[in-house]
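This briefing walks through one protein model. It goes from overall build to a few selected sites.

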Amino acid sequence: MKKKKYLSGYLLIAPVTLGCLLFYGIPFGMVVSYSFKSSPGRMGRFVGLLNYENVLGNELFRLACWNTFCFFLVGLPLSLLIAYGIALLLKGQAQRHEILKSVLLLPYVMPVTGAVLLVEQIFGRDGKLNLLLDAFGLSPSNWLESSWAFVIVLLLYLWKNVGYGVILLLAGLMTIPKEQYAVSELDGAGSWQKFWHITTPQMWNPVFFALLFAMINGFKCFREIFLIGGEHPGKELYMMQHFINNNFENLNYGKLSVASVLLFAAITVVIGFSYAWVQKKEGYKE
């Protein structure tokens, strides 16, 4: 009976698994092989780690790595903390805030061009912020081409994605039985004790999924960055996706493949450590 049950499950996931292997696994395997060749295809000769040495020594690659690292180092924690805080505030009356939850998702579903136009209307040369500064006698600034561009893009990322994180975390909070809080109150537990000993241990998995989607949406934010800064933005906005995209346009498959492999490895390590941490916490809870 168990074998039949498992077999039916494998049959159900087989089409998706085969599709992933066909459209993702095989192309990625080709990218890995290209990273060790002088050129793609059969004419390319094996060069070992030469492509990796060239990319790691490339100044633009290091700049892209640094900017991408800073973006996620600041953006991911802020996104989770803000989303978690809002979810905790809405938890007690979640069923009464269906309209509010819809409003939280509006920035997430807003088209990329709409979000970029909104940014330009506020921070552009003739944007509302410069008009406001001029009205107060202050000198306007070209915000999108200055060091403030990184902060603006970061705020755009938070504005678009915090609402989605709130929905994910709020769904996790709603699964915690209310009886546990009631019993803890009878034992004299305060708000902090309930949060630390009841809410936190049961929220590791929702937080992990919120982190995962925040990371995915962070890489999607390249679309907005590309429209704001163009193909060759200033130092503040030059991200890993710019490096990959520019090398693709130049048909430099060696650097493109190496950057893609290194980016995949970095994402895998971060997700792996996060998942291991969550499993450790879940095991401790049990």
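A residue counts as buried when its relative accessible area is under 20%, as exposed when that area is over 50%, and as partly exposed in between. By that cut-off, Met240, Gln241, His242, Phe243, Ile244, Asn246 and Asn247 of helix 12 are buried. The model is predicted.

**Overall build**

- The protein has 13 helices and zero strands.
- Read from the N terminus, the elements run α-α-α-α-α-α-α-α-α-α-α-α-α.
- The C-alpha trace spans about 75 × 70 × 30 Å along its principal axes.
- Of the 286 residues in the protein, 35% are buried.
- Take the contacts between residues at least 6 apart in sequence: 68% of them join residues at least 24 apart.

**Surface and charge**

- The accessible surface amounts to about 17,900 Å². Carbon and sulfur atoms account for 69% of that surface.
- There are 23 positive and 16 negative side chains. The centres of these two sets lie 13 Å apart.
- A nonpolar patch sits on the surface, formed by Trp66, Phe69, Leu73, Val74, Leu78 and Ile82. Together these residues have about 560 Å² of accessible area.
- Val74, one of the patch residues, is found in helix 3, residues 59-91.
- Val74 has a relative accessible area of 33%, so it ranks as partly exposed.

**Helix 12**

- Helix 12 covers residues 240-249 and includes Asn246.
- The helix is mostly covered, with seven of its ten residues buried.
- Why does Asn246 count as buried? Its relative accessible area is 7%, and the cut-off for buried is under 20%.
- Which residues does Asn246 contact, leaving aside its neighbours within four places in sequence? They are Glu231, His232 and Tyr238.
- Leu251 follows helix 12 and has a positive phi, near 60°.

**Salt bridges**

- Side chains of opposite charge can pair when their charged atoms come close.
- How many salt bridges does a search of the whole structure find? It finds two.
- One salt bridge joins Arg125 and Glu145, with the closest N and O atoms 3.8 Å apart. The pair links distant parts of the chain, 20 residues apart. Arg125 lies in the loop between helix 5 (112-123) and helix 6 (128-135). Glu145 lies in the loop between helix 6 and helix 7 (148-174).
- Are Arg125 and Glu145 buried or exposed? Arg125 has a relative accessible area of 57%, so it is exposed. Glu145 is at 61% relative accessibility and therefore also counts as exposed.
- Another salt bridge is formed by the side chains of Glu224 and Lys160, at 4.0 Å from N to O. This pair also links distant parts of the chain, 64 residues apart. Glu224 belongs to helix 11, residues 222-229, and Lys160 to helix 7.
- Are Glu224 and Lys160 buried or exposed? Glu224 is buried, because its relative accessible area is 1%. Lys160 is buried as well, because its relative accessible area is 6%.

**To keep in view**

- The Arg125 and Glu145 bridge has exposed residues at both ends, whereas the Glu224 and Lys160 bridge has buried ones.
- Helix 12 is mostly covered, while Val74 in the nonpolar patch is partly exposed.

Key: Residues are numbered from 1 along each chain as its sequence is written. This is a predicted model: local features need pLDDT of at least 70, side-chain atom pairs count only at pLDDT 80 or more; totals for chains, interfaces and linings use all residues. Side-chain values use heavy atoms; hydrogens and water are left out. Patches are made of residues with over 30% relative accessible area and no salt bridge: like charges are joined within 9 Å, nonpolar side chains (Val, Leu, Ile, Met, Phe, Trp, Tyr) within 5 Å. Accessible areas come from the Shrake-Rupley method with a 1.4 Å probe; for residues, only the protein chains shown count as cover. Helices (H or I, at least four residues) and strands (E, at least two) are DSSP runs, numbered from the N terminus. Buried means under 20% relative accessible area, exposed over 50%, partly exposed in between (1.4 Å probe, protein chains only). Contact means heavy atoms within 4.5 Å. Lys and Arg count as positive and Asp and Glu as negative; His and the chain ends are not counted. The place of a charge is taken as NZ of Lys, CZ of Arg, CG of Asp or CD of Glu.
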